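Colleague: Before I rely on this entry, I should like the reasoning behind its descriptions. Please take me through them one at a time.

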Amino acid sequence: MVINRQMALTKENKLISRLTSPQAVKRALTLVLSLSLFPVVSALSGCSDSQVNVKADSALVSTKATEGSHEPIWPNDDPSIPDGKGIYEKQNCASCHGADGKPVEGKSKIDFSDKAWARKQKPVEQYDFITFGKKAGETVEHPVVRDKLRPSEIWNLVFYVRSLSTPPLTDAEIAELDPVFGANCAVCHGKKGYGNGPLMKANTLQPLPANFQSFPRFYDRDDETLWDHIANGIKWEGMPNFLGKEDRRNKAKFDEPYIWRMVGYIRHFHESNKTEIATREAAKKEAAEEAKSH
Ligand code: HEC
Ligand code: HEC
């Protein structure tokens with residue numbers, strides 16, 4: 001956690017030095033000039049809510065993972081962990097990584113079932129590694145699946161690998177956490193995590209609350225960062241800190257393990273413990289119910 005804070009500080013320092021360079025001064029002047037045109041432009045384009053959302057959502061997204069010629073292709077549905085299991089078996093990943101994620105001697109050293117390792121892994125970097133064989137800018141030698149699997153299948157694989165250390169919450173666990181999320185988070189993030197809670201609608205928050213359904217944002221986060229942001233909040237950004245707090249009504253005490261469960265809850269908005277077919281059918285049903293209630 002300390003590391004994350006330090007990383008954030010380094011980022012801030014970088015920003016400050018960037019802001020004080022001669023180019024930055026020039027850029028600032030250009031910005032002032034273009035800002036004076038802004039009211040005219042926005043009046044013409046009718047600057048919509050969704051534009052604002054996209055901008056706020058990409059604010060914290062780093063581009064490092066997507067540098068170079070290969071870009072990840074985001075899924076259009078929640079990746080399915082059970083489907084990923086089937087692909088892991090078919091692609092023979094187990095021959096080096098073991099059926100349970102434990103390394104096979106002489107083949108690999110990484111233990112997929114190790115929580116401490118897994119919590120530092122960003123989904124998008126795992127996707128890049130498996131798809132293109134690259135890691136933080138360098139090319140590595142590893143079987144790649146770019147010509148064998150569809151992007152959605154690769155995302156299934158990524159989330160299956162992640163599940164070997166951190167099983168997704170069961171439906172019962174999700175149901176248990178629903179009221180806690182509803183009472184403590186939904187006012188900003190919305191009941192379904194779209195970042196559209198009542199406080200956001202009143203337009204009082206800047207930046208806007210995170211949209212947990214956003215693949216580019218949340219696949220660029222490791223679990224440790226999510227834990228840190230829920231535990232310690234995000235200073236100056238409207239995200240409160242929860243570590244040590246209590247919700248007596250729902251019998252929730254936000255201690256360390258409880259915040260890990262909240263991380264699992266955030267993840268459930270953009271991963272699935274059902275097969276792809278079941279996920280699609282559930283989404284259809286939900287959309288129909290939503291349409292009926294309007
Ligand atoms: C021929 C052996 C072999 C096969 C097959 C194989 N891997 Fe690997 N994998 C490795 C080795 C070696 C590493 C490097 C790290 C280590 O274990 O030392 C690695 C690392 C990884 C990593 C971690 C990358 C990181 O962040 O460092 C992931 C994720 C991964 N493999 C996924 C897969 C998946 C998914 C499959 C099946 C499509 C697969 N591997 C098939 C040998 C293999
Ligand atoms: C008062 C409004 C508010 C409440 C209540 C709130 N959040 Fe947030 N949250 C925010 C805002 C605003 C951001 C976006 C900050 C940013 O973009 O820098 C955010 C961001 C986040 C993030 C994303 C951090 C990242 O790494 O991108 C997570 C995870 C999160 N909140 C979880 C929660 C959880 C879990 C709860 C309830 C226990 C909660 N929030 C309650 C306003 C709120």
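Colleague: Why is Asn92 called exposed?

Modeller: In this predicted model, a residue is exposed if 12 or fewer other C-beta atoms lie within 10 Å of its own, buried if 20 or more do, and partly exposed in between, with C-beta atoms placed from the backbone. Asn92 has 10 other C-beta atoms within 10 Å, so it is exposed. Asn92 lies in the loop between helix 4 and helix 5, where helices (H or I, at least four residues) and strands (E, at least two) are DSSP runs numbered from the N terminus.

Colleague: What else marks the backbone of Asn92?

Modeller: Its phi is near 65°, a positive value in a residue other than glycine. Most residues other than glycine have a negative phi. Lys251 likewise has a positive phi, of about 55°, although it is not a glycine. Lys251 sits in the loop between strand 3 (246–247) and strand 4 (252–253), and its 10 other C-beta atoms within 10 Å make it exposed.

Colleague: On what basis is the model read, and how are its parts numbered?

Modeller: Because the model is predicted, local features need pLDDT of at least 70 and side-chain atom pairs count only at pLDDT 80 or more, while totals for chains, interfaces and linings use all residues. Residues are numbered from 1 along each chain as its sequence is written; chains are lettered from A and ligands numbered from 1 in the order in which they are written.

Colleague: What makes Ser113 partly exposed?

Modeller: Ser113 has 17 C-beta neighbours inside 10 Å, so it counts as partly exposed. Ser113 belongs to the loop between helix 5 and helix 6 (115–118). Leaving aside residues up to four places away in sequence, Ser113 touches Asp100, Gly101, Lys102, Leu164 and Ser165; a contact requires C-beta atoms, placed from the backbone, within 7 Å.

Colleague: Why is helix 13 described as largely enclosed?

Modeller: Of the 10 residues of helix 13 (residues 223–232), 7 are buried, so the rest of the structure largely encloses it. The buried ones are Asp223, Leu226, Trp227, Asp228, His229, Ile230 and Ala231. Just after this helix, Gly233 takes a positive phi of about 75°.

Colleague: How do you know that the largest nonpolar core lies between the two domains?

Modeller: Domain 1 (81–163) and domain 2 (171–270), whose bounds come from an automatic or database domain assignment, both give residues to this core, so it lies between them. A nonpolar core is a set of buried Ala, Val, Leu, Ile, Met, Phe, Trp, Tyr and Cys residues joined through C-beta atoms within 7 Å. This one has 39 residues, and Leu157, Val158 and Ile230 have the most contacts inside it. Helix 8 gives the most to this core, with 7 residues. Beyond four places in sequence, Ile230 touches Phe242, Ile259, Met262 and Val263.

Colleague: Which residues come nearest to ligand 2?

Modeller: Cys185, Cys188, Glu237, Gly238 and Met239 come nearest, among 25 residues around ligand 2; a residue is near a molecule if its C-beta atom, placed from the backbone, lies within 6 Å of it. Helix 13 supplies the largest share of this shell, 4 residues.

Colleague: And which residues are closest to ligand 1?

Modeller: Cys93, Cys96, Ser108, Lys109 and Ile110 are the closest of the 19 residues that surround ligand 1. Helix 5 (94–97), helix 7 (123–132) and helix 8 (151–163) each supply at least two residues of that shell.

Note on methods: Contact = placed C-beta atoms within 7 Å.
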